[in-house]
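Reader: I am new to reading structures and would like a close look at a single part of this one. Please take me through it slowly, and explain each term when you use it.

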Amino acid sequence: MRLPFVNWLSKARDKPTNSLFGSAYSFFFGSTSSGKTVNERTSMQTTAVYACVRILSETLASLPLHTYKYTGNGKEKAIDHQLYYLLHDEPNPEMTSFVFRETLMSHLLLWGNAYAQIIRDGRGRVLALYPLLPDKVAVDRDSKGQIYYQYQKDTGTERLSSDEVLHIPGLGFDGLIGYSPIAMAKNAIGMAIATEEYGAKFFANGANPGGVLEHPGVVKDPARVRESWNAVYQGSSNAHRVAVLEEGMKFQSIGIPPEQAQFIATRKFQLNEIARIFRIPPHMIGDLEKSSFSNIEQQSLEFVKYTLDPWVVRWEQAMQRALLLPTEKRDYFVKFNVDGLLRGDYQSRMNGYSVGRQNGWLSSNDIRELENLNRIPEELGGDLYLINGNMTKLADAGAFAGANTGAKEDGKLE
């Protein structure tokens, strides 16, 4: 007789409710309150979105990525493992590791999911990784509760098992499929697109040299006057030209309308709004209004800790789950190296190394490896750990002096 709890465990989980192909993502993408259509491609035409996606994609792609093996003394690079070369250098014959990671990271930022097909040999080892377009991938469960992926190709639909797909999901509600940051903030991005389009049309159609024309009588053919005026003064290339007035017409200067005066402020606000979506410091996308030499380094460190590091952990855990064989997961792991982004200036690093060297927890070779320098041979003392000779335990305080005093009394010391 089964217990109720066991019966519940044996049931297949419900399939994801959003297990549909790319066209169904219009549930998130599409029209906005500003009237502009926002999707993963139109959003990239906004400079702030393009800058944020490029910064995160290129930064993660440029980080050193290594496969490690646990050892008795810690860890060492598993250079002989087949994953080391694939992840560090060339995941497939068509692209480098940088391009592969940059592509998948851009998918993750725009669609909320990144997929790559895993090519394995007969023993289950990974031979190659190929990116899959997220808008053509659907996630579903079969009758036994097993997850599988459907990829929509030009020639039809291909079904892939969970062992054949590297899936890196973003923030989501079911733990299986991530939701697109672009879709979740489409109104903010739509407003940015609208203000950018408004500014472009304003300069393209502007026929206002800073005022209006007043005629003392009735204009018989206002269309002709308007067309002649536009022919000379319309467009930003004709701004500030000298106007020649006839028939008693007067030019009266006017101020900038309030909606135009607020245009720049609106664009600046949307810049920060989009930076907030991706948690990017504004100075990294060109907004230096609130940055200075005193705080810009701290903001860069916060970018690594609070923005980049969560993405790095998503990548590491997804790769370890999907790419390592069950028998390897206890012995191997995949790790990005972000130490280079956390390095301080030269003087700060040297002061830190000096403290570690004098207190015995850094050797010369430890420091040289951190600075990407060649090791000193062991016979020359490169692996020695040293401490200051004037430091001793509190319980031994005075012991050396007492020993010297006793030696003097015995006549052993002069």
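**The largest pocket, and the packing of a helix**

Author: The largest pocket has a volume of about 1,000 Å³, where a pocket is an open set of points on a 1 Å grid over the protein atoms alone at which a 1.4 Å probe fits, with protein on both sides within 12 Å along at least five of seven lines, and the volume is the space filled by probe spheres set on those points. Its lining, meaning residues with an atom within 4 Å of a point, has 26 residues, and Tyr-68, Asn-337, Asp-339, Glu-369 and Leu-370 are the closest to the centre. Two or more lining residues come from each of the strands β3, β4 and β13 and the helices α12 and α14, the elements being DSSP runs numbered from the N terminus (H or I over at least four residues for helices, E over at least two for strands).

This is a predicted model, in which local features need pLDDT of at least 70 and side-chain atom pairs pLDDT 80 or more, while totals for chains, interfaces and linings use all residues. Residues are numbered from 1 along each chain as its sequence is written, and side-chain values use heavy atoms, leaving out hydrogens and water.

By class, the pocket lining has nine nonpolar, eight polar and nine charged residues, with Asp, Glu, Lys and Arg counted as charged, Ala, Val, Leu, Ile, Met, Phe, Trp, Tyr, Cys and Pro as nonpolar, and the others as polar.

Turning to helix α3, residues 47–62, we find that α3 packs against α5, residues 97–111, at an angle of about 140° with the axes 8 Å apart, and therefore α3 is oblique to α5. Residues of α3 that meet α5 include Val-53, Leu-56 and Leu-60, and their partners in α5 include Phe-98, Met-105 and Leu-109; this contact (heavy atoms within 4.5 Å) has eight nonpolar, three polar and three charged residues.

Helix α3 also packs with α11, residues 296–323, at an angle of about 65° and with axes 11 Å apart. Here Ile-55, Leu-56, Thr-59 and Leu-60 of α3 make contact with residues of α11, among them Phe-303, Trp-311 and Trp-315, and the contact has eight nonpolar, two polar and no charged residues.

Key
Axes are lines fitted to C-alpha atoms, for helices over the stretch in contact, and angles run from 0 to 180 degrees between N-to-C directions. Angles under 35 degrees count as roughly parallel, over 145 as roughly antiparallel, 65 to 115 as roughly perpendicular and the rest as oblique.
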